[in-house]
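Trainee: I would like a close look at a single part of this chain. Please start from one residue and work outward.

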Amino acid sequence: MPNYYEKVYETTLPVVVLRDIVAFPSIASTFEVSDNASITAAEAATEGSSQVFLVAESTPTTGEPQVAGLYKVGCVAKIKQSIRTPEEKLRILAEGQTRATALTYKMTGDYISADLMCKTVLLDGTTDIVVDAYMREAITALEKIHKFLPHISDEFIIAAKAIKNSSLLSDFITSGILVKTSDKQLILEEFDPLERIMLLVRLLDEEHDLLSLEYDIHKKVQENLSRERRDYYLREQMRVIEDELGEGDNETEEYQERILKARLPAEAEKKLLKENERLSKVPFGSAEASVLRNYLDICLELPWNKKTKERTNVDVAKKILNADHDGLEKVKERILEFIAVKQLTPELKSQIICLVGPPGVGKTSVAASVARATGRKYERVALGGVRDEADIRGHRKTYVGAMPGRIITALAQVGVKNPLILLDEIDKLTADAHGDPASALLEVLDPEQNKNFRDHFIEIPFDLSECLFITTANTLDTVPRPLIDRMEVIELNTYTSPEKLSIAKNHLIGKQLKRHGLSRRMLRITDAAIEEIIASYTREAGVRNLERAIAELCRKAAKKIVTDKVKRVVIDKDDLQSYLGVPRYSSERIPPENLVGVVNGLAYTEAGGDILKIEAAVLDGTGKLELTGSLGEVMKESAQIAVSYVRSIAREYGIDPEFYRTKDLHIHAPEGAVPKDGPSAGITMVTALVSALTGRPVRHDIAMTGEVTLRGRILPIGGLKEKTLAAHNVGIKKVIIPSENQRDLEEIDKTVRASLCFIPCSEVAEVLNTALLDTPILLSELARPKKQDIIGDMDSIAPLGQTAAFEDGCEHYGI
């Protein structure tokens, strides 16, 4: 056995961490470091002795190195050269000197340093037969590996043979041949030269066996390949590897087992077994095999039999709905009815409900609340902008990139066959050359048809009858009539100011306080402040902008608490301007004087109700009719009808019958940038024209709405609740409505209904007699509205002649 002598000393050096490489004594190595600690350590070493401790990471990281992730054994090296790269890395050329063991790692400023025990074990210089034998074995193993690794140069082999020192030979071969960092580290950690060369020989033999096996596999694959199947080279190689490992190809058996365990309907099971048989006959990696695999996976992910247990307790469901939302009584009542019937008739198929209303009134959120109340899982399908029928029904699976439609995808994601599926923004569907998605929804939303819904991708009927579908829309104008016929439409109307106040106090404020890390003790927003936000900072049908304003108050309050060190912030009405800025909206009020040709109309918009003033001017001219104010086609037709009707009653109201030839008429709807349309401004236009042509002022405290015919009849209109709310907000006291709309008064908010006097009219003459000041010439007595028809609840406008004030008011109106 050889004789040894050791050279041992201790020192402390900066640590440079290596990633995926290992440095060895007497071997020059070039590497890059990117972490700040290693760069700082290298620079510190360069300023001194240039010596550093090069150590690899046991657990490679991408960020700054951690002491716990470093090996204990490394190499002391001397930095020969270091260069900064454009990527802010440091490229280092270093030459290893000796092995060293880190006794302790510690932080020295911005870099890691180590207390080292440096140790070099040397042979005594005499020749030993054991050492020579192992060195020859190492060279032999290297030559064997060289056959499988042609990239190793002959010069490397020649250089290895020329080395007579066993320690240097081990380190030289390890640094150039071994691939794994862990194997290199094993060689570095072996201080004994003999043990080191023995370990190297063993690792080289293992590497040779692995390379030999890979070569045999490659050779078998080459032998099995035919000229026609050269394109399947990689797939054949994988099969041979599986054969060598003893695994084999059991993919189709697994699919068959999954299909049989799924307890599918007979038609579905037959179809999937057939597709699985096809899969077993096609090449493993072919395009068709990928299509079949994808198809089987998606079909088996569908919840063919899995369901959630529904909640049938009406009282519990009612508590959940009331806790989540204020108002929305129609929706809540309909859901509770459904739950009650489901309790009595469990086999009842689910209904399709359509929630229609302006933005921000809670259509989407109430659907999630309904899911909680019924105990169903919830999945939302956004339909806004969908214009391809395949989005609903899916693509044929033969197409590249084919996938199921959104309905089947939603069921696969939710994992049960009886979820609540929200079809959001159904009115935003559009049709193009790829088909009409709204037509594809006809089958989905028909309880009699959707029990056998066929998606183009899965090609198997799937039962949707247990799903509870809820759709939402801002308007039904763009929804096809057959689709509307399949849904039960529930309208969500504009919130009144008291309702918004309640929603803000019970829901929005608490939600935003939690989101901003505040509590009610830290921030208090008074009711007066909330009412001012509703009136002066938001103008909407829903509460989205109100919630944004509350969120802004929370942010400003949080900043004040943090920066000013206050414990509590109270925001009142007078404080809002300092938090939210100048009010965005001024309180629109009716003019204090009665004007000629100016009438207060009422309009319904997506944001709720609004006052729509109509102005008419009569000018000398040749009978032209000017219409301005961004009027739509229907509204322009209403203006033409109004002119024709005024011509028919001209003599009765003392109007020159030739006015349509000698006068130009100009009808204008202010706020010209806002598009306006609809027939409900008909009586407003007639009143404005008659006022302008006769010079008779229109009462400023009256608003009106109604469609007019050429014979002067007044037809019913929609959106009465929103329109009357707008009238109430601006201080209107009396509203003229079509007689047929009296049935809608029950839906109007009680507060609004109590503050307004409703005057139902069926003829235009009744409107003119009520709205115009001064008694007209040749007034027909039959055209006066009857006192008993006037509806109101306040003493000042009491109905049915209940007070003297009301009698005086009727006499003043000529009633």
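In which helix does K500 lie?

Mentor: K500 lies in helix α18, which runs over residues 497-515. Keep in mind that this is a predicted model. The side chain is a lysine, so check its exposure first. K500 has a relative accessibility of 6%. The cut-off for buried is under 20%, so K500 counts as buried.

Next, its surroundings. Set aside the neighbours within four places in sequence. K500 is then in contact with Y495, I534, E540, A541, G542, V543 and L546. One of these contacts, V543, leads to a pocket. The second largest pocket has a volume of about 550 Å³. Its lining holds 21 residues, and those closest to its centre are H325, G362, S365, V543 and E547. So V543 touches K500 and also sits among the residues closest to the pocket centre.

Which elements build that lining? Helices α13, α18 and α20 (544-564) each supply at least two residues. The largest share, four residues, comes from α18, the helix that holds K500. By class, the lining has six nonpolar, seven polar and eight charged residues.

Now take α13, another supplier of that lining. This helix covers residues 363-374. Its twelve residues should span 16 Å at 1.5 Å a residue, and the end C-alpha atoms are 17 Å apart, which agrees. The buried residues in α13 are K363, V366, A367, S369, V370, A371, A373 and T374. A general point helps in reading such a list. An α-helix has 3.6 residues a turn, so residues three or four places apart point the same way. The buried residues of α13 pack against two helices and several strands: α11 (314-324), α12 (329-344), β7 (352-356), β8 (378-382), β9 (420-424) and β12 (468-473). After α13 comes G375, with a positive phi near 75°.Two other helices make a useful comparison. Take α24 (residues 682-694) to begin with. Its 13 residues should span 18 Å at 1.5 Å a residue, and its end C-alpha atoms are 18 Å apart, which agrees. Twelve of the 13 residues are buried, so α24 is largely enclosed by the rest of the structure. Among them are G682, I683, M685, V686, L689 and L693. Just after α24, G695 takes a positive phi of about 80°. Then there is α27 (residues 764-771). Eight of its eight residues are buried, so α27 is largely enclosed by the rest of the structure. The buried residues of α27 include V764, E766, L768 and N769.

Loops can hold buried residues as well. T709 is found in the loop between β21 (707-708) and β22 (714-715). T709 has a relative accessible area of 18% and is buried. Beyond its neighbours within four places in sequence, T709 is in contact with I641, Y645 and L715.

Two loop residues go the other way. D20 lies between β1 (4-18) and β2 (28-33). D20 counts as exposed, at 57% relative accessibility. Its phi is positive, near 70°, in a residue other than glycine. E88 lies in the loop between β4 (73-84) and β5 (90-108). E88 is exposed, with a relative accessible area of 55%. Its phi is positive too, about 65°, although E88 is not a glycine.

Now enclosed space. Rolling a probe the size of a water molecule over the atoms shows where empty space is left. The chain has two cavities of 30 Å³ or more. The largest cavity holds about 40 Å³ of space. Its lining includes P591, E593, N594, R699 and H700. By class, that lining divides into five nonpolar, three polar and two charged residues.

Last, the whole chain. The secondary structure comes to 28 helices and 25 strands. Of the 815 residues, 47% are buried, and K500 counts as buried.

Note on methods. Residues numbered from 1 in each chain as written. Heavy atoms only, no water. Buried < 20%, exposed > 50% of the residue type's maximum accessible area, 1.4 Å probe, protein only. 1 Å grid on protein atoms, 1.4 Å probe; cavity = no way out; pocket = protein on both sides within 12 Å on 5 of 7 lines; lining within 4 Å. Points joined across faces, edges and corners; volume = space filled by probe spheres on them. Nonpolar A, V, L, I, M, F, W, Y, C, P; charged D, E, K, R; others polar. Contact = heavy atoms within 4.5 Å. Expected span 1.5 Å × (residues − 1).
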